Amino acid sequence: MSLKILHTSDWHLGKTFRSTTFDLLDVQKKILDELVSIVRDQRPNIVLVAGDIFDTYNPSFEAERLFYQTITKISDANSLVIAIAGNHDSPDKLKISRPLIYGRHPIIISGTPSDYKEDYTFENDLFKLGVEEDFLRLKIKDTNTILSIKVIPYPSEVRMGLSGGEFKDNLHEYISREPQFSCDYFIFTSHLFVSGATKSGSERSLQIGSIDSIPAEVLPKNAHYTALGHLHRFQRICNAVYSGSIYPFDVGEIDDKKGVCIWQGGETDFLHFRDIPKIKSLEFDSLEEAIKFNMPTNSDLYYLFIRSKESYGHEKINRLIKNYGDKLVGWQPENTKFETAKKTLDINSLSEEELFREFFKFKNNNIEPDNDLVSLFTSCLEEATNAAN
Ligand SMILES: [Mn+2]
């Protein structure tokens, strides 16, 4: 009755960086190659991908191909794959592959909380998979182990089809529900923000709807393993585990450890990626100094801070980008432009709902908008965001 689970999340395939020629997809390819070799080595029964597979609703062809190639390799290594949509993923786009997958391969791709009951039955020599109540019921044949698995892709108001207080009550009840059938293990996976957990910088706010976080006590108490996505730093909060993103997507994350979680026999291990290119931050007094810097010929990547208040023309910036080539992840000048950008960033640290409240107050002599109006705004915003991405 042994069980081994590999948990990963936040791949953000297709993410691009502005103003450099750095190609993140090359790095992501290397990381996912390493992830596949970890799967071949560790032989987990299940691989959970807890959301934010892609960075945008319309990822590039290469990004989509990398995802499907990777999950095919994982399922060929005899692991059941369960991948869920995060707030960055288009739930509908993820569903396109269903007719090719369901009933044929041990792969579950779940877009919205309500869609996973439809047709997840599957059987081969290793697994028998069905649906009972709101849970997947999985039998691992060689060890005769029965699992109940609760799979909740990013549950926003629009994706749950509910709003306001009804949304919150339903969501809390839906998350905390325990399986009513007998099983050896109960596994829970979702893409959400648990109150009190630590953000690291590159996560987009989840506040679309009337809530932005789930209290830890709402998570199911009897789950043997709670695998979450959304936060990019590996961390545990109560019984839940965030595996973190596969790569640092923000300069503030370059010293974070990156890898996958392996759960077995009640213990969670963190396996570090070994071949991940390191990002080094360098500081220079001027752009000229940065351009003259002789890069060592290793595989490190660079993020530059320029301690100078002068402003730069295109020609100099192009020389900088040319000197570092595809090794320049990003750069940040300390000039007046940057000072302005900093002020804008303060506004950016507000959620859309907070911004709306501030704007409404500004226009209406500091009067707070009522809750119905705020709900209307957030549902319109989510529709618009989904359409724009
Ligand atoms: Mn993410």
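**Exercise 1.** In this predicted model, find which residue of strand 2 stands opposite T8, and place the pair in its sheet.

*Solution.* Start with the pair itself: the residue of strand 2 opposite T8 is V49. Next, take the two strands. Strand 1 covers residues 4–8 and strand 2 covers residues 46–49; they pair in the parallel sense, over 4 bridges. Then widen the view to the sheet, which is open, has 6 strands in the order 4-3-2-1-13-14, and shows mixed pairing. At its edges stand strand 4 (107–110) and strand 14 (267–272), each with a single partner strand, so one side of each has no neighbour in the sheet. From one strand to the next, the twist averages 20°.

**Exercise 2.** Determine which strands helix 1 and helix 2 touch or lie across, and how the two helices meet.

*Solution.* Begin with helix 1 (residues 24–42). Helix 1 packs on the sheet and touches strand 1, strand 2, strand 13 (259–264) and strand 14. Its direction makes about 170° with that of strand 1. Helix 2 (residues 61–76) lies across strand 2, strand 3 (80–84) and strand 4, and runs at about 150° to strand 3.

Now compare the helix axes. The axes of helix 1 and helix 2 come within 10 Å and cross at roughly 10°. The crossing angle is under 35 degrees, which means that helix 1 is roughly parallel to helix 2.

Finally, list the residues. On the helix 1 side are L25, Q28, K29, L32, V36 and V39; on the helix 2 side they meet E62, A63, L66, T70, K73 and I74. Sorted by class, this contact holds 7 nonpolar, 2 polar and 3 charged residues.

**Exercise 3.** Which residue in strand 9 is the bridge partner of I152, and what sheet holds the pair?

*Solution.* The bridge partner of I152 is S190. Strand 8 (residues 145–152) pairs with strand 9 (residues 185–191) in the parallel sense over 6 bridges. Both belong to an open sheet of 8 strands, ordered 5-6-7-8-9-10-12-11, with mixed pairing. Strand 5 (122–123) and strand 11 (235–237) are at the edges; each has a single partner strand, so one side of each is left without a neighbour in the sheet.

**Exercise 4.** State how the chain divides into domains, and where pLDDT stays under 50.

*Solution.* The domain assignment gives domain 1 (4–272), domain 2 (279–340) and domain 3 (350–388). The C-alpha centres of domain 1 and domain 3 are 30 Å apart. As for confidence, the chain averages a pLDDT of 87, and 92% of the residues score at least 70. Over residues 336–345, pLDDT stays under 50, and the model has 5 contacts beyond four places in sequence for this stretch. Predicted coordinates should not be read in detail where pLDDT is low.

Conventions. Residues numbered from 1 in each chain as written. Predicted model: local features only at pLDDT ≥ 70, side-chain atom pairs only at ≥ 80, totals over all residues. Pairing = 2+ DSSP bridges. Axes fitted to C-alpha atoms, helices over the stretch in contact; angles between N-to-C directions. Contact = placed C-beta atoms within 7 Å. Domains from an automatic or database assignment. Parallel < 35°, antiparallel > 145°, perpendicular 65-115°, else oblique. Nonpolar A, V, L, I, M, F, W, Y, C, P; charged D, E, K, R; others polar. pLDDT = per-residue confidence, 0-100.
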